[in-house]
Amino acid sequence: MKKTLLLAISTSISTLIFAQNKSTLKPADFLKVRALSDAQVSPDDKWVAYCLSEVDTARDKRISNLWMQSLNGPESIQLTHGPEPASTPRWSPDGKYLSFLSSRESKNTSQVWLLDRRGGEAKKLTDIKGDMDFYAWSPDSKKLLLLIQDPENNGKEEPKTPSPILIDQYHFKQDIEGYLLHLHKHLYLFDVETKKLDTLTKGKTDESAAEWSPDGKKIVFVSNHTADPDRDDDYNIYTIDAKAGGTVNQLTTWKGHDVSPKWSPDGKFIAYLRSTSDVEYTMYDQDILCIMDADGSNSKILTQQLDRPVASPTWSKDSKSISFIVSDDRKGYLAKYDVGSKKISTVNTGDYAFLSVRSFGPDNWVTELSTPYLPTELFAIEHGKIRRLTYHQDWLNDVKLAHVEGFQSKSKDGTLVSGLVYTPDSIKGKKMPFILFIHGGPVDQDDYTFDETRQVLASAGFAVAAVNYRGSYGRGLDYCKAISADWGNKEVVDLLGAVDELVKEGIADPDHLGIGGWSYGGILTDYTIASDTRFKAASSGAGSALQTSMYGVDQYVLQYDNEIGPPWKSQDKWISLSYPFFHADKIKTPVMFMSGLKDFNVPTAGSEQMYEALRSLNIPTQLILYPGQYHGITTPSYQVDRLKRYIDWYSKYLK
């Protein structure tokens with residue numbers, strides 16, 4: 001008895017010492033996080049292929065390679081190597097090949113490559129002009145369905161002096177893509193043996209989300225065929241015969257969007273996602289799961305009663321159920337709809353989030369899952385129970401992560417708001433310098449997944465909060481729509497209410513409060529510091545405040561015209577939404593502004609204007625510009641730099 005007790009005490013002491021010896025998460029550790037994506041189960045249900053993205057510090061970029069993980073044992077195999085990325089793994093239905101996309105041996109365009117499962121090096125299969133970002137094997141493994149964008153300059157070599165850009169579209173610019181050049185994405189059939197390419201669709205429309213019918217005779221896809229697709233969100237589902245000159249049939253007619261069609265394995269039904277609202281466009285919406293017969297008849301809505309957005313519809317192999325992911329108040333849980341009983345049940349839920357789902361075997365799935373303490377890994381869900389498959393993030397075993405827990409607050413108008421709070425440890429009752437770090441979107445949610453930015457800030461000695469203000473999803477459609485054409489009002493009320501709650505709980509030091517965010521989080525930072533002077537430091541990334549100046553400069557003209565109205569018709573509304581700029585003299589908070597110089601989502605002008613306003617007012621401010629970066633900062637060294645600057649800026653004013 002005494003020996004057992006001593007052993008238990010010794011073990012506890014060893015565990016404590018080990019925990020104390022762990023290092024905290026540093027900005028440079030951001031480079032160690034691996035990104036897993038695009039999991040694909042083999043036809044025999046024995047393996048799952050996926051992409052693993054890792055940072056190549058010498059090239060200062062992420063490189064994606066293919067891996068394969070056994071579903072029945074620990075075996076894990078890296079399939080591709082080298083500096084050229086490999087992506088989009090797909091198994092041929094006959095099980096002979098694992099294909100992927102890569103630009104190796106090609107000039108800037110991705111081609112399909114084949115790995116013969118019997119052995120040997122990968123071989124290039126296609127030589128296509130134009131960008132190809134999607135392909136799918138036919139059920140008999142003899143053909144590929146390709147989605148190809150029209151080549152620039154009609155496939156001719158780029159001239160030494162770039163041609164002038166002709167703009168005549170309503171929506172004419174997009175982040176990453178740049179100025180839009182009338183290049184459309186169309187469907188093609190590629191014969192694997194003869195390498196013959198047949199055109200399926202053409203014209204001034206774009207196709208997406210294409211999938212073969214189980215018998216290989218038809219293809220289902222999504223497209224917008226209105227007179228001017230730039231001016232609405234009226235995407236519908238179509239089928240086309242799987243041959244050149246095939247007949248096109250429109251299956252859906254909802255005025256909102258119908259997307260993500262998934263054919264049942266028995267070929268009888270198509271599951272899909274539909275917008276809740278039947279308007280030409282709205283930012284504030286949530287997708288619901290629907291089902292229809294394969295010819296488009298007997299459409300039924302399945303999940304509207306949940307009043308939550310759903311994603312990733314996936315059929316079971318026996319066609320008896322459809323699984324999907326539900327975003328619900330900081331969680332992303334797995335549910336399924338039983339076709340026979342017409343009932344919805346929860347498969348698995350917890351303080352984590354499922355990010356994707358693929359079925360294998362009876363009542364089993366492979367999923368990408370993340371928790372507050374674990375970046376994405378692959379897991380199997382077997383009869384409702386979780387089993388971990390991959391261990392790419394085990395470097396975190398030697399890191400002491402911040403403690404994360406949920407909390408709720410009440411806004412001054414009585415609205416119940418949910419959030420997460422990150423602290424260096426789980427001990428409560430110790431007031432700490434505090435950062436309210438706001439999510440973007442706004443139609444998004446902070447959930448129980450790994451958040452590198454908040455983890456790093458908390459590890460640097462701050463309490464950090466994530467708040468799902470009104471406008472976020474996961475709390476119902478009315479909660480999401482509450483901020484329509486009323487930006488910077490209810491969100492700010494909710495954010496300040498959350499700060500008040502954490503001050504009351506003794507977590508946030510009321511004399512050392514900071515605030516920040518990126519995208520709409522940066523926009524809300526500007527709104528909040530123009531409304532309340534209690535914050536001693538702020539960081540506003542990729543934001544804007546003089547909203548009128550964004551019309552025609554960013555990519556959101558469709559939202560503006562439908563939600564607010566054009567500036568010449570709604571001048572007062574536009575000015576009221578620009579109050580952080582027109583009341584910049586009320587701001588007393590030192591602010592660090594940030595932007596990517598190639599950002600067409602929320603262009604750099606938004607940050608420059610607020611920087612100049614505060615500089616003119618002699619408020620301490622900085623403007624950090626990242627060359628060559630879009631709305632999301634993707635260069636690894638810049639990602640680390642941003643985290644270091646956050647810590648330095650907040651430490652200067654909050655510690």
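Tyr179 (Y179) sits in strand β13, which covers residues 178-179; strands here are DSSP runs of E with at least two residues, and helices are runs of H or I with at least four, numbered from the N terminus. This is a predicted model, where local features need pLDDT of at least 70, side-chain atom pairs count only at pLDDT 80 or more, and totals for chains, interfaces and linings use all residues. Residues are numbered from 1 along each chain as its sequence is written, and side-chain values use heavy atoms, leaving out hydrogens and water.

Y179 is partly exposed, with a relative accessible area of 37%; buried means under 20%, exposed over 50%, and partly exposed in between (1.4 Å probe, protein chains only).

Now to helix α5, a good contrast to look at. In α5 (residues 520-529), 10 of its 10 residues are buried. Among them are Y520, G521, I523 and Y527.

Next comes a sheet. Its 4 strands form an open, antiparallel arrangement in the order β16-β17-β18-β19. Two of the strands are edges, each pairing on one side only:

| Edge strand | Residues |
|---|---|
| β16 | 207-212 |
| β19 | 248-250 |

Neighbouring strands of this sheet are turned by 25° against each other on average, direction ignored; the axes are lines fitted to C-alpha atoms, with angles from 0 to 180 degrees between N-to-C directions.

Within the sheet, β17 (residues 218-223) and β18 (residues 236-241) pair in the antiparallel sense over 6 bridges, where pairing requires DSSP to find at least two bridges between two strands. F221 has Y238 in β18 as its bridge partner.
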